[in-house]
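Hi,

Here is the structure I promised to pass on. Could you have a look when you get a moment? My notes follow below.

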Amino acid sequence: AVIELMLEIGPRVIEARVLELAATARAMLRDLGADVSAGESPIVTAAFPERDAGDLVSLLRERRILVS
């Protein structure tokens, strides 16, 4: 069922939406002070140099946000 839906929507439409969401995430992270990966990849990386990574992971985990 999922594959049928993906084919109905179309890979290009799905890719465009994923890239749009990644760009939005990058903008939001920059606004929060993060150093953010550049480019048009669907993978978004960010670092908050002034924050302890372990503390940030714990805070995000409490909010059910997965990071690696």
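**Helix 1 and its surface**

Leucine 5 sits in helix 1, which covers residues 2-9; helices (H or I, at least four residues) and strands (E, at least two) are DSSP runs, numbered from the N terminus. Before going on, please note that this is a predicted model, in which local features need pLDDT of at least 70, side-chain atom pairs count only at pLDDT 80 or more, and totals for chains, interfaces and linings use all residues. Residues are numbered from 1 along each chain as its sequence is written, and side-chain values use heavy atoms, with hydrogens and water left out.

With a relative accessible area of 47%, leucine 5 is partly exposed (buried means under 20% relative accessible area, exposed over 50%, partly exposed in between, with a 1.4 Å probe and protein chains only). Helix 1 lies largely in the open, because the number buried among its 8 residues is 0. Leu5 also joins Ile9 and Val13 in a nonpolar surface patch, with about 260 Å² of accessible area together. Patches are made of residues with over 30% relative accessible area and no salt bridge, joining like charges within 9 Å and nonpolar side chains (Val, Leu, Ile, Met, Phe, Trp, Tyr) within 5 Å. The areas come from the Shrake-Rupley method with a 1.4 Å probe, and for residues only the protein chains shown count as cover.

At the two ends of this stretch, alanine 1 lies in the segment before helix 1 and counts as exposed at 83% relative accessibility, while glycine 10, just after helix 1, takes a positive phi of about 105°. Alanine 1 and arginine 51 are 50 residues apart in sequence and 43 Å apart in space, C-alpha to C-alpha.

**Helix 2**

How many salt bridges does the structure hold? There is 1, counted where a side-chain nitrogen of Lys or Arg is within 4 Å of a carboxyl oxygen of Asp or Glu. The partners are arginine 17 and glutamate 20, at 3.1 Å from N to O. Both belong to helix 2 (residues 11-31) and are 3 residues apart, about one turn of the helix. An α-helix has 3.6 residues a turn, so residues three or four places apart point the same way. Arginine 17 is partly exposed at 45%, and glutamate 20 is partly exposed at 44%.

Leucine 21 is in helix 2 as well, and it counts as partly exposed at 44% relative accessibility. Leucine 21 is 21 residues from proline 42 in sequence, and their C-alpha atoms are 8.1 Å apart.

**The largest pocket**

The largest pocket has a volume of about 560 Å³. Its lining takes in 18 residues, with Ala46, Phe48, Leu56, Leu60 and Val67 nearest the centre. Strand 2 (46-47) and helix 3 (53-62) are the elements that give two or more residues to this lining, and helix 3 supplies the largest share, 5 residues. By class, the lining has 13 nonpolar, 2 polar and 3 charged residues (Ala, Val, Leu, Ile, Met, Phe, Trp, Tyr, Cys and Pro count as nonpolar, Asp, Glu, Lys and Arg as charged, and the others, Gly among them, as polar). A pocket here is an open set of points on a 1 Å grid over the protein atoms alone, where a 1.4 Å probe fits, with protein on both sides within 12 Å along at least five of seven lines; lining residues have an atom within 4 Å of a point. Points are joined across faces, edges and corners, and the volume is the space filled by probe spheres set on them.

**After helix 3**

Arginine 64 is in the segment after helix 3 and has a positive phi of about 65° although it is not a glycine. Arginine 64 counts as exposed, at 79% relative accessibility.

Best wishes
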